[in-house]
Amino acid sequence: MRDLIVAAAVFGSLPFILRSPWIGILVWSWLGYMNPHRLAWGFAAEMPFALIVALTTFVAIMMSKEKKQILWTRETKLLLVFTLWMLLTTIFSMYPYLAWEQWDKVWRIMLMTFVTIMLINSRERVYWLVVVIALSLAFYGVKGGIFVLRGGSAHNVVGPPGSFISDRNSIGLAMIMTVPLIWYVRMYTKVEWLKFPLLLATALTAVSIIGTHSRGALIGILAMGFFFFLKARNRLNLFLITVPVVVIVLNVMPQEWFSRMHTIESYEEDASAQGRLYAWGNAIELASMRFLGGGFRALAAWGGTDAHSNWFGVLGEHGWVGLAMFVLLHVYGWRTATEIIRLTKSDAELAWAQDLAKMVQVSLIGYMSAGSFLGMQYFDLFYHLVILMTITAHLVRTELAKRAPAQLRRSLPMDGPHYGGPSLAAKAD
């Protein structure tokens, strides 16, 4: 039955994608984040639904008369160069049979990221993309939270099998990044009765993160939570869900969980923590030996273990140059979000963009902190968040240029390397 439901949903969406290509991005994101086919037990589990949706989207793009363009900003240019660099490190990888297999996954993520930039070009489309991403991952947050509360706290919350987020560490990081996105969806939903279920989903997702028993996820949720309180507009509601979550953790989680989390302080005596330090040392050594790094999955084959860190994973696989570009993507994404917040300050009509930028920054804090101890450097959501900021910044600047182009030209530099061309204000004139 699950197979039929998933197949019906995917194939039923194809006519809508052919009529409106941007819906293809929503369906592709749903498949990529929720992995509904991985929850089936028959033919749907191995059917290439994502490929079918992607090909349909490309056909729809060619048929559509809607204007399509890629925003060539500092983020998108860097992302393209980073993708080409990863191709180069794959060509010269230490273990080609492993590298090409991973490249086959990564290039598809990057391609659809650029297609997203092309098709998600309005406030409405940005919102619905955030909705799809947030609810797709919130499914596992709610499911995992209920599992913990019903007596499963002694076991690990895990993600869909055969996916990027199958193990406890990966699903923990994904849910950390999802919490602020659920909050944003709740803020801007027009259906009043959905606000409480979304608030409950936020709380259950937080419980689910704890239920992964991942120490990296604990560090990530603490860092994300602190920054969340700084950035959230309605801190009372946030406080109202934080207190029950803390009480639940203290009363539901077994002693084994507390003992495991306590090893964060005594990492010198913990074999897993020592293994991470060993892996990080391998990454530095490999990058120092080879300018291009070892290529995808080289660390596991060469050193016997993955890097267990976004930063060291990129370093070992793509060298110091690759790491520099990866770090710059974080910096650019963060700075663009900050720029959006500055441009929309005290602007009620653009409050949606300011709130989104704040929640993306909260999500990025979770990704950077938890990702320092978990290897998720090719997770789609990070790249989606960066380009969402690129798209939102473009929408904000376009709207401000329409209102007061002359004033905007004087106060806001819109030329230069960031936006790569004539200013929007100039075009508005």
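**View 1. Charges of the protein chain in the predicted model.** The mean positions of its 36 positive and 25 negative charges lie 8 Å apart, where Lys and Arg count as positive and Asp and Glu as negative, with His and the chain ends left uncounted, and where each charge is placed at NZ of Lys, CZ of Arg, CG of Asp or CD of Glu. This is a predicted model, in which local features need pLDDT of at least 70 and side-chain atom pairs count only at pLDDT 80 or more, while totals for chains, interfaces and linings use all residues. Residues are numbered from 1 along each chain as its sequence is written, and side-chain values use heavy atoms, with hydrogens and water left out.

**View 2. The largest nonpolar core.** This core has 130 residues, and those with the most contacts inside it are Phe228, Phe379, Leu381 and Tyr383; a nonpolar core is a set of buried Ala, Val, Leu, Ile, Met, Phe, Trp, Tyr and Cys residues joined through side-chain atoms within 4.5 Å. Buried means under 20% relative accessible area, determined with a 1.4 Å probe and protein chains only, and 56% of the 429 residues of the protein chain count as buried.

**View 3. Surroundings of Tyr383.** Leaving aside residues up to four places away in sequence, Tyr383 touches Leu79, Phe82, Met110, Thr113, Phe326, Leu329, Gln377 and Tyr378, a contact being heavy atoms within 4.5 Å.

**View 4. Another nonpolar core.** Apart from the largest core lies another, of seven residues, among them Tyr95, Leu98, Leu286 and Leu299. Among contacts in the protein chain between residues at least 6 apart in sequence, 76% join residues at least 24 apart.

Note on methods
Buried means under 20% relative accessible area, exposed over 50%, partly exposed in between (1.4 Å probe, protein chains only).
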